[in-house]
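Q: Could we go through this structure together? I would like to start with the ligands and then turn to a few individual residues.

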Amino acid sequence: MSNMIRRYGAPLTLLICLLTAFWLLMLVIVPNITLLESSFRPYLPVADIGGPKDVYTAANYLKVFNGAVDVSFLGIDFQLPVHVLTFTLTLFYSVVVTLICFMLAYPLAYFMAKILSPRSLPTMFLLLFVPLWVSEVLRAFAWWIILALKGPLSWALVNLHIIDKEVRWITGYNGVMIGLVYTYVLFMIFPVYNAISSLDSNQIEAAEDLGAPWWRIHWRIVLPHAKPGIASGAVMVFMLSAGSLLVPSILGSTTSQWFTQTVQQWMLDALDWNTAAAYAFLLLLMCTLFVSLVMKIFRVKLSDIAN
Amino acid sequence: MSAGIDLKNVCCDFGNFRAVDNANISIKPGEFFSFLGPSGCGKTTILRMISGFIEPTSGSIQIGGKDMKGQRPNQRPTALIFQNLALFPLMSIWENISFGLEVRGVDKATRRAKAEALLEMVDLPGAADKMVSQLSGGQKQRVAIARALAVEPAVMLLDEPLSALDLKLRQHMRAELRAIQKRTGVTFIYITHDQGEALAMSDRVGVMSQGRIQQVANPRDIYNNPVNGFVASFVGENNIFAGSVSTAADGMAGFDTALGPFRARLGEQAKGSNLKLYVRPEHTILSETAAAENSVPVTVSEVSFEGAFIAVHGKTTSGQTIVAELRNDGSATVPEIGTARFAHFNAAHAAILPDSTVGA
Amino acid sequence: MSAGIDLKNVCCDFGNFRAVDNANISIKPGEFFSFLGPSGCGKTTILRMISGFIEPTSGSIQIGGKDMKGQRPNQRPTALIFQNLALFPLMSIWENISFGLEVRGVDKATRRAKAEALLEMVDLPGAADKMVSQLSGGQKQRVAIARALAVEPAVMLLDEPLSALDLKLRQHMRAELRAIQKRTGVTFIYITHDQGEALAMSDRVGVMSQGRIQQVANPRDIYNNPVNGFVASFVGENNIFAGSVSTAADGMAGFDTALGPFRARLGEQAKGSNLKLYVRPEHTILSETAAAENSVPVTVSEVSFEGAFIAVHGKTTSGQTIVAELRNDGSATVPEIGTARFAHFNAAHAAILPDSTVGA
Amino acid sequence: MHKLRQTLARVYAGAFIFYMLLPLVIMAAAAFNDNKTPSIVPWKGFTWRWFEALWADARMWHAFQNTIFVAIAVSVLAVIVGTAAAILINSVSGNLRAALYGTMISTILIPGAVIGISTMIMWTKMGNGLGTDFILFKPGLHLSVLGQVSYIAAIVMLLVLARLQSFDQGLEEAALDLGATHAQVMRRILLPHLYPAIGAGAAVAFFQSIENFNVTQFTRGGADTLTVYVFSKVRSGITPTINALALLLIGVTLALAVVYELKRRRNASLEAARDAEARRAAALEEAVI
Amino acid sequence: SSGELNFTGWAGYDKLAAEVFPAFTAATGIKVNFKELPDQDTMFGEAKVALEAGGMDVTEPTIDRVAAWNSNGLIQPWDDSKLAVDNYLPGLIDGNAAGMARADGKLLFAPSNWGTESMVVNTADAKLSSPPSLGDLFSADNQATLRPHSALAAMGRYLDGAGKLPRPWMDGYSDMAAMTELWDIALAEAIKAKGNVVQWWSGENEANAGFTANGATVGLCWDSTGYNLRNDGYAYVAPVEGAFAWNQGFVLMKNAVNVEQAHEFAKFVSTPDGAAMWATAFSANPVGKGGYDKMGPDVAKYYGDFLTAETSAKLWWWPAQSAEFLTKRAEYADKYKAA
Ligand SMILES: Nc1ncnc2c1ncn2[C@@H]1O[C@H](COP(=O)(O)OP(=O)(O)OP(=O)(O)O)[C@@H](O)[C@H]1O
Ligand SMILES: Nc1ncnc2c1ncn2[C@@H]1O[C@H](COP(=O)(O)OP(=O)(O)OP(=O)(O)O)[C@@H](O)[C@H]1O
Ligand SMILES: [Mg+2]
Ligand SMILES: [Mg+2]
């Protein structure tokens with residue numbers, strides 16, 4: 001702080017601090033605390049708010065455990081509360097989306113960072129950026145058109161005689177995953193690209209000079225170096241996927257349900273803002289825990305992320 | 001375990017820019033050979049062609065008598081040490097050193113033993129389990145050498161390996177590198193733009209400029225008998241006089257300049273019109289009386305104390321500055337600024353040379 | 001327009017690390033004074049205290065006889081030239097130069113005229129409307145000087161201003177800087193870790209180590225009469241012998257070493273037990289026969305050609321290496337490796353010195 | 001072998017770009033298909049009618065206006081707050097820095113729905129607490145702005161911080177040493193250096209705001225933004241007017257991207273010319289010495 | 001009279017703004033500020049907000065929700081004397097409906113239009129039993145588009161009709177214990193048949209897309225969906241169990257500022273012209289006597305074909321559903337979706 005005053009003088013320092021405080025306090029911390037507070041209060045008719053029924057309770061959270069459904073996984077049958085199931089599936093498919101994004105992005109990021117000539121790079125970025133700038137709704141919508149039963153994909157495959165009857169592509173979580181991968185793969189490409197391009201090409205050449213085949217160069221040199229970038233991309237893709245509402249709403253099938261949709265149901269269908277708050281908080285908490293756990297396992301720090 | 005290298009008419013183009021132009025060199029097995037030249041003259045390009053990262057546009061490269069065309073870097077008996085060393089920062093020291101063995105499928109115990117032996121050899125025992133970031137510059141240097149030696153190359157290629165170190169350490173590492181080369185007997189090809197390094201370490205030096213090799217010779221010949229002005233100026237200081245040859249006989253020539261006639265050795269390649277006379281400051285003498293030949297009256301304009309020697313600058317009547325270096329051992333008297341002196345030199349110490357072997 | 005500077009008992013602590021320890025120096029108006037020392041010895045810290053970016057922990061700083069306590073950088077008659085120059089990349093050259101006037105509210109036409117005049121003075125006419133990125137390293141250097149001069153400082157503070165340039169340009173800029181200092185008469189305080197620079201340019205040099213000023217003297221005295229081993233080793237090369245004083249008289253002393261008895265000058269601060277004998281390689285002579293005193297038999301172990309001189313390494317029976325530097329002017333014969341010689345030196349050229357003025 | 005791998009990489013990159021662009025092309029093409037459902041198969045003939053329908057869609061235009069207002073407000077706020085935060089982060093160190101940085105970054109990772117809900121709840125509760133009917137405390141687009149700023153400011157902060165890290169503090173000191181005041185240093189030295197990042201930040205903030213759905217959905221009250229409107233339409237996929245709109249948006253985006261790219265190239269060539277001049281000057285210098 | 005009215009209604013019915021409001025303004029001089037919302041859950045939420053923020057005078061929920069709106073303190077009764085209560089077709093606010101439309105004898109609900117939710121079938125591809133039954137929605141031969149909670153009710157009524165329930169389906173609407181008992185059974189059956197559900201719908205447009213883009217052959221949808229698809233090879237048919245029926249109307253916000261204008265508005269929609277226009281806009285049925293006559297021949301024919309004496313007699317009005325019931329219903333819907 002004294003460093004700042006020395007550099008910018010007291011009035012400017014104060015202004016800077018106030019602006020930052022407004023952001024962090026009024027727009028981030030207090031809203032989340034309010035959210036947390038609301039989540040511990042029951043949903044009551046307007047007349048009862050502030051009345052004797054308005055007490056702190058964890059009931060909203062416990063609603064996740066209502067309504068058990070039968071689940072069969074790896075041949076084991078068991079019961080799981082329906083929202084827990086939804087939540088688990090949301091996490092699971094978010095992880096799958098993250099993995100697919102990584103597998104798609106890594107070769108491309110490597111190509112851009114180490115093979116493509118620097119002169120073509122801006123063009124490459126431009127081409128990749130175009131879909132990013134087109135709104136998420138429209139991107140999901142584009143896939144909805146493509147994947148429709150009578151859409152271009154079925155049409156093309158039928159006419160190429162690869163399939164003989166139109167196929168419904170949006171089944172289970174297929175549509176959601178396709179949409180999420182398409183929408184968020186760029187969030188994997190850029191950090192991984194950044195990480196790889198910060199790798200000194202001499203290291204790759206040194207490894208090659210020492211006799212390493214290409215796969216070992218990737219395994220021993222490029223991947224370890226790109227780890228923070230990969231972690232950063234993975235966290236972004238995972239969080240964005242798990243928190244996405246649009247894509248599951250547009251590309252969901254009759255058997256896919258995303259946890260954000262459940263939250264939205266509480267909010268907008270059941271009008272129970274308190275339970276919605278509890279669910280929203282659960283989503284935030286669990287995703288954060290999950291990400292921290294994974295980051296711990298892979299030994300990456302938050303500061304490596306979002307570079 | 002050591003091999004010779006032959007470059008025959010090697011050229012390398014990047015687009016329509018010729019980075020290396022018709023290089024012909026034969027490096028002997030076990031030799032310590034340096035390429036010396038200013039930045040951008042094509043040194044790294046030559047090294048990368050030898051190691052296989054770049055294919056020559058034309059010409060052939062042989063290592064140990066075998067044509068290397070089409071051989072990938074990992075198939076050549078060379079090991080490259082990069083300018084920035086390119087140690088793997090995420091591996092420990094011993095993993096770095098044994099990486100070349102790891103990719104050859106050598107088992108861990110053997111690798112570890114070999115790494116320790118090599119660390120012993122480069123005088124870094126006990127560093128095996130450290131990380132790269134824990135080492136100092138000179139220690140990293142040694143690890144890089146150990147890593148390159150681990151794959152038992154016939155030729156070591158070193159691209160300005162000392163340029164990142166500070167002066168004292170650089171001088172220390174020179175001796176060490178030279179010693180390792182002697183110990184292992186491997187052919188070393190060394191790149192530098194530091195004339196001191198090239199002269200002090202090498203068996204032979206190839207001086208390059210703008211993609212062309214200007215002179216290949218042992219250090220003494222490079223310094224004492226440069227073939228052209230580029231080599232003379234790049235390697236050491238000079239007083240330079242423009243003029244033209246008047247008479248020539250027995251390798252000596254008369255040379256007419258604006259300051260009067262001089263006499264000096266006539267360089268082998270000194271043909272045509274663009275000739276100059278070069279004489280080194282340490283061969284330039286200041287005295288109170290004129291000498292018989294090669295003598296110019298000057299006024300002392302600056303005296304600069306440089307430690308082991310004292311540089312005295314004299315201005316001629318035409319305004320040219322002539323520098324004489326005196327030893328700081330009490331043997332010479334240092335003139336005051338403003339006094340008149342005669343700068344002169346022995347004709348055997350001066351040479352008449354063309355600017356450069358090629359065009360500019 | 002030029003002022004003297006007095007540091008009295010100046011200390012500077014960072015946390016509990018003492019970066020500058022009790023500095024006492026008096027710099028005269030119009031003097032070219034250099035601080036010389038290895039990296040981290042506290043040079044920059046001293047400069048930043050003079051310019052006002054750091055307050056001394058204790059002691060006082062006077063500029064032109066006025067105590068500077070509490071004065072902000074923009075209130076002191078100093079101008080600082082930064083190691084990386086710190087030119088404003090988004091302003092044109094003339095805006096850079098006239099920035100100091102701009103913030104003082106000088107009108108545009110005057111500023112422009114002043115900038116052009118200064119550009120003239122630093123030999124860069126016509127560069128006013130260029131951008132910083134259009135200039136070469138040497139030109140940037142000059143712009144930085146012009147910018148500092150624009151505010152008409154009484155003291156110019158230069159923090160390793162040449163370290164980013166390459167060797168030849170650095171040597172050229174030395175002369176230029178010195179000339180500008182002479183022309184303007186401003187007091188220059190110059191920081192460097194390059195002994196050549198400090199010796200060649202300065203009126204006086206202060207050699208620093210670990211926050212302490214070791215010696216303040218003119219360049220010749222620094223080189224020829226270092227007060228301690230640190231100064232001797234940091235400024236130039238040495239052959240060093242450990243031992244102890246046996247007899248002392250008239251500033252000369254006998255010195256017993258493992259290689260036998262030597263005789264040499266006794267340094268002023270040479271007290272206590274931790275003494276060594278220092279002699280420079282250029283004062284070390286190799287001959288076929290033993291000399292009367294200060295003579296050690298050696299076997300030539302390495303000959304290293306360095307251009308203007310040839311370094312001959314000799315090994316003593318105890319394994320110590322003694323280096324002798326011969327001039328490469330044909331006057332000396334270079335012995336072969338393996339031949340036996342006697343290394344000797346004149347007692348007047350050798351000095352017995354303590355390691356360093358303070359502790360380690 | 002090596003060549004083969006390079007070729008494969010190129011093919012892959014080409015396929016990837018194809019994958020990225022194809023949906024957009026299909027979506028755009030469907031805007032011209034005279035078919036009630038948005039698709040390109042079966043192709044029932046070329047038509048402009050979806051553009052006409054779009055032109056006549058007053059609700060869309062209203063939503064569009066809202067979107068632009070929100071986006072401008074978000075850009076302005078996020079740039080101010082984000083820049084201040086970046087400067088703050090850059091000047092503190094240790095635990096405080098880690099904590100601040102962590103909090104700021106985490107806003108990017110909070111699911112939009114959570115941000116939307118928490119923003120909405122806090123401001124309405126605050127309104128209730130203060131017993132005021134003041135519009136600020138009711139759901140509406142102003143809350144969407146605040147909600148969006150809460151994470152978009154972090155993006156701006158990262159952009160500005162990256163730029164700040166390439167800033168040489170020596171420049172500030174040099175300016176101070178030359179007699180400048182703190183405000184002058186800020187205005188003449190620091191901010192000019194940050195302008196590119198601030199500009200980029202404003203652009204990113206603008207586009208992020210335009211495309212925001214999750215936060216807006218929960219905070220907007222009854223007002224529509226383009227995304228929300230499009231979403232309500234998309235769920236039905238009822239007519240290709242939406243494709244017409246998409247095509248227009250893509251067109252605008254592309255045009256902006258091309259303009260940006262041209263500008264960048266011009267700057268790059270200017271920069272290259274300067275570098276070349278510097279190199280020439282250096283070569284000359286070398287020759288002279 | 002004059003002034004303005006803040007009306008919050010259903011989105012997606014373009015004719016309201018294009019034709020009905022101008023006609024109303026022409027007739028009364030009152031300007032309508034129309035805010036569109038996609039569904040009545042949103043309206044409810046909006047109303048909660050408006051209770052504090054204002055800006056909403058009248059909105060348009062279905063009759064079964066009126067009790068919930070009232071218990072949340074959102075609405076106030078209409079003044080019968082300022083409406084033309086006699087204009088309404090019989091049965092909409094009296095008889096069975098009176099229990100839901102009134103509280104303490106005061107009228108809370110002024111009908112605007114009403115309609116049915118029944119089976120839309122692809123005439124070429126749907127495999128229907130004869131007569132068509134709600135069970136056809138769960139037949140493996142058909143691809144269905146449904147909305148989860150309606151589908152469960154349909155399943156319940158189908159099972160009820162087939163005598164496979166331990167007690168009448170209607171018990172579930174009044175007794176929560178009965179509800180869980182009955183809905184458990186319906187859910188289990190529905191999940192067994194879930195494989196052929198190809199799309200969920202929650203609004204008009206989505207239902208439409210379920211058939212056209214996603215290839216559904218049957219669906220349990222609003223009559224408007226059937227109407228919109230009538231020329232594309234789809235028919236709107238009533239199941240043997242009877243079609244679902246809903247009744248939609250205006251409620252007056254407790255803090256409405258334009259109360260006079262609100263009454264004018266509700267009255268206008270009960271006139272033959274007004275009712276016809278409103279129903280046309282929704283592709284639904286008019287509430288005012290003489291309304292059908294004023295609607296286009298196309299609409300009149302469509303409803304004429306569907307609403308025979310028999311199907312009219314069998315209409316199954318959605319019962320009122322308590323908040324507790326709705327929460328539980330949502331839970332069943334979630335389970336159904338998640339299965
Ligand atoms: N991949 C490339 N594409 C185009 N030009 C290149 C490429 N690599 C090198 N060059 C050019 O070839 C010339 C020689 O480069 P090289 O790296 O061999 O120089 P160098 O002598 O090693 O210089 P330095 O001392 O700076 O390392 C330079 O002008 C450089 O710009
Ligand atoms: N702000 C600071 N906080 C803590 N320690 C510092 C600070 N500034 C300098 N130091 C320490 O003080 C010592 C002297 O630093 P200073 O920068 O003066 O060295 P220097 O002689 O200029 O070195 P160089 O040649 O590397 O520039 C160093 O050990 C440095 O680490
Ligand atoms: Mg190179
Ligand atoms: Mg320093």
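A: The conversation below takes up the ligand surroundings, the record for chain A, the cysteines and one asparagine.

Q: Before the details, what kind of model is this?
A: This is a predicted model.

Q: Which residues are around ligand 1?
A: Ligand 1 is surrounded by residues of chain B: Phe14(B), Phe17(B), Ala19(B), Ser39(B), Gly40(B), Cys41(B), Gly42(B), Lys43(B), Thr44(B), Thr45(B) and Glu160(B). By character, this shell comprises 4 nonpolar, 5 polar and 2 charged residues.

Q: Which atoms lie opposite the oxygen atoms of ligand 1?
A: A polar side-chain atom of Ser39(B) is 2.6 Å from an oxygen atom of ligand 1. The backbone also takes part: an N or O atom of Cys41(B) lies 3.2 Å from a ligand oxygen, and one of Gly42(B) lies 3.0 Å from a ligand oxygen.

Q: How much of ligand 1 does the protein cover?
A: On its own, ligand 1 has 630 Å² of accessible area, and the protein covers 59% of that.

Q: Which elements give two or more residues to that shell?
A: They are β2 (17-27) and α1 (43-51) of chain B. The element that gives the most is α1(B), with 3 residues.

Q: Now ligand 2. What surrounds it?
A: The shell around ligand 2 is drawn from chain C and consists of Phe14(C), Phe17(C), Ala19(C), Pro38(C), Ser39(C), Gly40(C), Cys41(C), Gly42(C), Lys43(C), Thr44(C), Thr45(C) and Glu160(C). These residues divide into 5 nonpolar, 5 polar and 2 charged.

Q: And what are the distances to the oxygen atoms of ligand 2?
A: A side-chain N or O atom of Thr44(C) lies 2.5 Å from an oxygen atom of ligand 2. For the side chain of Thr45(C), the distance to a ligand oxygen is 2.5 Å. Gly40(C) contributes through its backbone, with an N or O atom 2.7 Å from an oxygen of the ligand. The protein covers 59% of the 630 Å² of accessible area that ligand 2 has on its own.

Q: Which elements supply the shell of ligand 2?
A: In chain C, β2 (17-27) and α1 (43-51) each supply at least two residues. The largest contribution comes from α1(C), which gives 3 residues.

Q: Changing topic: which residues of chain A does UniProt list as "transmembrane region"?
A: An unreviewed UniProt entry lists residues 12-33, 91-113, 125-149, 169-193, 230-251 and 276-298 of chain A under that name.

Q: What does the model show over residues 91-113 and 276-298?
A: Residues 91-113 of chain A are 100% helix and 0% strand, with the end C-alpha atoms 31 Å apart. Residues 276-298 of chain A are 96% helix and 0% strand, and their end C-alpha atoms are 33 Å apart.

Q: How many disulfides are there?
A: A search of the whole structure finds 0 disulfides over all chains.

Q: Why does Cys287(A) not form a bond with the closest cysteine?
A: The closest cysteine sulfur, in Cys101(A), is 16 Å from the sulfur of Cys287(A), which is too far for a bond.

Q: Is Cys287(A) buried or exposed? And what about Cys17(A)?
A: Cys287(A) counts as buried because its relative accessibility is 0%. Cys17(A) counts as partly exposed, at 25% relative accessibility.

Q: Lastly, where does Asn239(C) lie?
A: Asn239(C) lies in strand β11 (residues 239-249) of chain C. The residue is buried, with a relative accessible area of 3%.

Q: What does its side chain contact?
A: The side chain of Asn239(C) makes a polar contact with the side chain of Thr284(C), at 3.1 Å.

Technical notes
Residues are numbered from 1 along each chain as its sequence is written. Chains are lettered from A and ligands numbered from 1 in the order in which they are written. This is a predicted model: local features need pLDDT of at least 70, side-chain atom pairs count only at pLDDT 80 or more; totals for chains, interfaces and linings use all residues. Side-chain values use heavy atoms; hydrogens and water are left out. A residue is near a molecule or strand if one of its heavy atoms lies within 4 Å of it. A polar contact is a pair of N or O atoms within 3.5 Å; within protein, one must be able to donate a hydrogen and the other to accept it, and residues adjacent in sequence count only if both atoms are side-chain atoms. Accessible areas come from the Shrake-Rupley method with a 1.4 Å probe; for residues, only the protein chains shown count as cover. Helices (H or I, at least four residues) and strands (E, at least two) are DSSP runs, numbered from the N terminus. Ala, Val, Leu, Ile, Met, Phe, Trp, Tyr, Cys and Pro count as nonpolar, Asp, Glu, Lys and Arg as charged, and the others, Gly among them, as polar. UniProt positions are given in the numbering used here, feature names are shortened, and annotations may be inferred rather than shown by experiment. A disulfide is a pair of cysteine sulfur atoms within 2.5 Å. Buried means under 20% relative accessible area, exposed over 50%, partly exposed in between (1.4 Å probe, protein chains only).
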